[in-house]
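Biologist: I'd like a close look at one part of this protein, taken slowly, since I'm new to reading structures. Could you walk me through it once we both have it on screen?

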Amino acid sequence: MEESSGEESGLSQLLSEENTVLLDLIDKLRSLGINKDVPLPEIIVCGDQSSGKSSVLEAISHLSFPKGQGFCTAFPTELALRRSATHNTSVSIQPAPGRTEEAKVILSTFPSHEETIEDFKNVVESAKKELAKCDPTKNGSVFKDTLRVEVSRPDWPPFTLIDLPGLIKSPNRGQVKEDVPVILDLVRSYMSRPRSIIMAVVSAKSDQATQLVLDLVSDLDPTGMRTLGVITMPDLAPKGSKTEDDFIHLAKNVEHKLRLGWHVLKNQDWDQHCSMDERDQYEREFFEDSRWGQELDADTLGVGALRERLAKLLETQIRSTLPEVITAIEENRTAVSEQIERLGPDRNSLDDQRDYLDDISQHFQRLMHQSLEGGSKSDFFTAHGPTDSELNLRAVLKSLNHNFATVMYERGHKREEQTHNLKTFFRSTYPTIPGFTNHCPERLSREEYLAIIERLIRASDGRYVDGPFHPGVIEVLFREQSKHWQEFAEEHVQLVLKAVRHHLQLAADYVANARTSKALQQYIISVEMEKKRKLVTEKVRELVWPYRYGPAITYTHQYQDVLKAAKTSAQQNPQGNPNNSISGTSPGRKSTITGSAGQVLRYMNAYYEVTLPTFIDNIANLAIEMCVVHDLGEIFTPSTVRKMNEAMVKNLASESPSVQKQRSKLSTQFEQLNHAYSTCLPHSLGKFH
């Protein structure tokens, strides 16, 4: 239909050339397949089956869409209205993601034979048959491919909308039960897109409460910010009836409030045969002579006002969301580029494979050196956020060493003197640290502790004439006191090895593709970590040996200072102080015990206090640092690659067919995103703001 001259003039003034450029930009992005990665601004048409959606599209486009009782749209239909000096219409099928190359070739030839666009019903039916050829075993009648229809007219406002299959509760003629959830999922997926405008079509001949689309709007756009409601078939609501009252009430945006409001169209009956001009004239006459036209604003009635309204809505939506669309395209482009970089170039020959390993080994080596320096010069260290502690190996090791020191100071000793309030605070005194056995010191009263020492002294009587006890008593008591050192040290080593292995795995994942990373972990990292495990395990045994089996020897001045302080305290407090305890954590333990047992206790306690920090530092430096950490940067280097035999190079760097396919897919995706970004770049400079 050609609009009236006044209406045409208004529409012509409505949209500038800029708006057309914006709409063409979004169409271009959609044709590039960008909407698979970045949701684009769009108008989607949804409603229950037989709600009049096809008649709405027909009124908007002046194309005879298939409609009628029992007819179901079999696929999304993208309707693009464009301004042009001449009247033109083109049709194509956009394959759904996941279509095979063979299917894409078949669909690219549609339409395969001459059909006049005026006979659009046959075009739609032909598209359905063409899609069925691509899915001969499909159990269902609904497809996710999109039929794109572009209609160019000199006076129509440009916009694009996507019509979706009608929602159903049960299959109708030509449908199967599997279609019910497929349609629901398809409609929900479109309605969930954050940049879409939802055009929800409801029929005035059906009860509002039974129309599924209203439930979906309430669920997916609960505030109504993105939804424009369209009421069809107002002439089928009996005049003066409650049904008519309810739908006029709905059109006034009192119930089911929508920010974009409501619009009313009078549909052409499916069995009514008239021209589009006549259809529009019937609609105008209906609104002029009915309550609908008397009680509702003119800009919410009729197809002419709807076209104008849709064009304004889409143009506003594009302007408001274009900056974030451009940002999302850029982010996706960067992400895909990084994936391609990790895959590396084609690796068909042995030299190609060795070159690839040489490149990633350099990257891996740099990461390890940076890890040991505690720096964050690479994006690797902020892969999950700017303060990702898991990726800061130095921070992880520092935390583990701190936990080890805490365990040793809190629970490394076998016995300690029990103070008046210690039992009350049993749980808070010794918090459990993951990865360590929950050994807690045996708590004894001073009398119980000294009794144990006296038994040791009596057992050594007569073997030493120059003093009240054999010095070996101190060694025996110390070995009992430090019996958990080796166990805690070995547990600490296991935690460190686990953390280092995890860090190496993350680094391998970062520098290489999934297949090469897995091979690196199997053939390089696992082998080197097993060597380190054996080396550090032996080093822990070596560091523990003097304290378990050697004489109690120390030459630090601190030992004499601690011993002197303990002796002075004992002389100043001959009755003892009940608040003092004997453990490995408190320097200068005071004792009121005079005689041999008290003296042994002072000597052993002083020796324990000065050797414990030395042991902790030795584990951190000589075991962890020297045996596990310091040469992590040499695990996988260019030198390592040069020494590899041919079999190892192929194990690490050869490509499977799936990797080759993935590279091809990513390259195509990157080209699309790059093209899209170049297309959007002028708009990112503020041209349309």
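At what angle do helix α17 (residues 485-511) and α20 pack, and how far apart are their axes?

Modeller: Happy to. Keep in mind that this is a predicted model. Helix α17 packs against α20 at an angle of about 30°, and their axes are 11 Å apart. Angles under 35 degrees count as roughly parallel, so α17 is roughly parallel to α20. If you look at how α17 passes α20, the crossing is right-handed.

Now zoom in on the side chains. From α17, the contact is made by W485, A489, H492, V493, V496, L497 and V500. On the α20 side, you'll find Y608, T611, L612, F615, I619, I624 and V628. Sort the residues of this contact by class and you get twelve nonpolar, two polar and no charged.

Stay with α20 for a moment, because α20 has another partner to show you: helix α16 (residues 472-481) comes within 9 Å of α20 (residues 596-629), axis to axis, and the two cross at roughly 50°. That angle makes α16 and α20 oblique to each other. Their crossing is right-handed. On α16, the residues in contact are V473, I474, L477, F478 and Q481. They meet V600, Y603, M604, Y607, Y608 and T611 of α20. By class, that contact has nine nonpolar, two polar and no charged residues. Spot Y608 and T611 here: both belong to the contact with α16, and both also belong to the contact with α17.

To put these helices in context, let's step back. The chain has 23 helices and ten strands. Of its 689 residues, 49% are buried. Among contacts with a separation of 6 or more, 79% are between residues 24 or more positions apart.

Next, the strands. Eight of them form an open sheet with mixed pairing, in the order β3-β4-β2-β5-β1-β6-β7-β8. At the edges sit β3 (88-94) and β8 (262-264), each pairing on one side only. Ignoring direction, neighbouring strands here are turned by 20° against each other on average.

Start at the β3 edge: β3 and β4 (residues 146-153) run antiparallel and are joined by seven bridges. One pair to find is S90, whose bridge partner in β4 is E150. Helix α6 (residues 179-191) packs on this sheet, touching β1 (42-47), β4, β5 (159-163) and β6 (196-203). The direction of α6 makes about 145° with that of β1.

Then move along to β6. On one side, six bridges join β1 to β6, and these two strands run parallel. For example, V45 has M199 in β6 as its bridge partner. On the other side, β6 pairs with β7 (residues 227-232), again in the parallel sense and over six bridges. There, V201 stands opposite V230 in β7.

As for the side chains, in a regular strand they alternate between the two faces of the sheet. You can follow that in β6: S196, I198, A200 and V202 point one way, while I197, M199, V201 and S203 point the other way. All of these are buried. With eight of its eight residues buried, β6 is largely enclosed by the rest of the structure.

Methods
Residues are numbered from 1 along each chain as its sequence is written. This is a predicted model: local features need pLDDT of at least 70, side-chain atom pairs count only at pLDDT 80 or more; totals for chains, interfaces and linings use all residues. Side-chain values use heavy atoms; hydrogens and water are left out. Axes are lines fitted to C-alpha atoms, for helices over the stretch in contact, and angles run from 0 to 180 degrees between N-to-C directions. Helices (H or I, at least four residues) and strands (E, at least two) are DSSP runs, numbered from the N terminus. Angles under 35 degrees count as roughly parallel, over 145 as roughly antiparallel, 65 to 115 as roughly perpendicular and the rest as oblique. A crossing is left-handed if the near helix is turned anticlockwise from the far one by less than a right angle, and right-handed if clockwise. Contact means heavy atoms within 4.5 Å. Ala, Val, Leu, Ile, Met, Phe, Trp, Tyr, Cys and Pro count as nonpolar, Asp, Glu, Lys and Arg as charged, and the others, Gly among them, as polar. Two strands pair if DSSP finds at least two bridges between them. Buried means under 20% relative accessible area, exposed over 50%, partly exposed in between (1.4 Å probe, protein chains only).
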